[in-house]
Amino acid sequence: MIPRLPLLSLLACALLIPLTVRADGLSDLQSALEKLKATQPIKARVKAEVSANVVDDSTPSNATGTMEVLVEHNDSGIAVKWTQADLQKVREEADKKNGNPNSVPILRQTMDSFEAALMRSLVDQSGPILRELKTATLESDAKETRNGVPLRKLVLKLSHALSESEKKSVKTITTTLNLWLNDAGIPVCSEEKTDLKGSRFFISFDSTEAHKKSYQVVGDRLVVTQLETSSAWSVPIMGSY
């Protein structure tokens, strides 16, 4: 199966918080995010669209799934709620797969995209971004107009802490994070790309993963209003017959 492209969107009402901007890009960003404590409860509807391309006996087939859930985050924790209708569709899909093992369980894959930790990060992006900033290196800080809006673009290089096991198989890994900030130093959108090269059991492999996000301030939270993820793996074929 190659590759899955999940697209998540979140709908919520916005309340913009005015913030003071300083001269340094990373300082502005950190200061703005630290003021967004994510203490206020939030309810949001999150929609996912997942597509998969499958090649079976050289015959390509496509499958697409769409699902929407209600996400609630408050002092009690995170809750992800599906409708009974969608749960029934997933059960029916599982029954059909028993009779057709080659079918793609696209609704199940769509359901899996609502993983709790991901939903938590969607309604509170300040924490994840601040963690990335701890090991980030600022490559550039410049003004840029995007979709007709004047913004400030930061280009960051992110470092990765690898375990001893990962060091044995990963040759190189690079991650670039582009962040576009408004006048208050708050992220409006971002693009992150990771390129990895490695080998395992004498087999080399390459992978690329990309994330595109749009943001909005809701109360004291920075939430993701749209997330698009794409990934691809490449393994060279040794020899020919």
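The following questions and answers cover a predicted model of one protein chain.

User: What are the ground rules for the values?
Analyst: Residues are numbered from 1 along each chain as its sequence is written, and side-chain values use heavy atoms, without hydrogens and water. As the model is predicted, local features need pLDDT of at least 70 and side-chain atom pairs pLDDT 80 or more, while totals for chains, interfaces and linings use all residues.

User: What makes up the secondary structure of the protein chain?
Analyst: The protein chain has six helices and 10 strands. These are DSSP runs, numbered from the N terminus: H or I over at least four residues for a helix, E over at least two for a strand.

User: How do you know that α1 meets α5?
Analyst: Contact means heavy atoms within 4.5 Å. On that basis L26, L29, Q30, L33 and E34 in α1 meet S126, I129, L130 and L133 in α5.

User: At what angle do the axes of α1 and α5 cross?
Analyst: The axes of α1 (residues 25-34) and α5 (residues 126-133) cross at roughly 150° and come within 10 Å. Axes are lines fitted to C-alpha atoms, for helices over the stretch in contact, and angles run from 0 to 180 degrees between N-to-C directions.

User: Which residues touch the most other members of the largest nonpolar core?
Analyst: They are L29, F114 and L222, in a core of 42 residues. Such a core is a set of buried Ala, Val, Leu, Ile, Met, Phe, Trp, Tyr and Cys residues joined through side-chain atoms within 4.5 Å; buried means under 20% relative accessible area (1.4 Å probe, protein chains only).

Definitions and conventions. Buried < 20%, exposed > 50% of the residue type's maximum accessible area, 1.4 Å probe, protein only.
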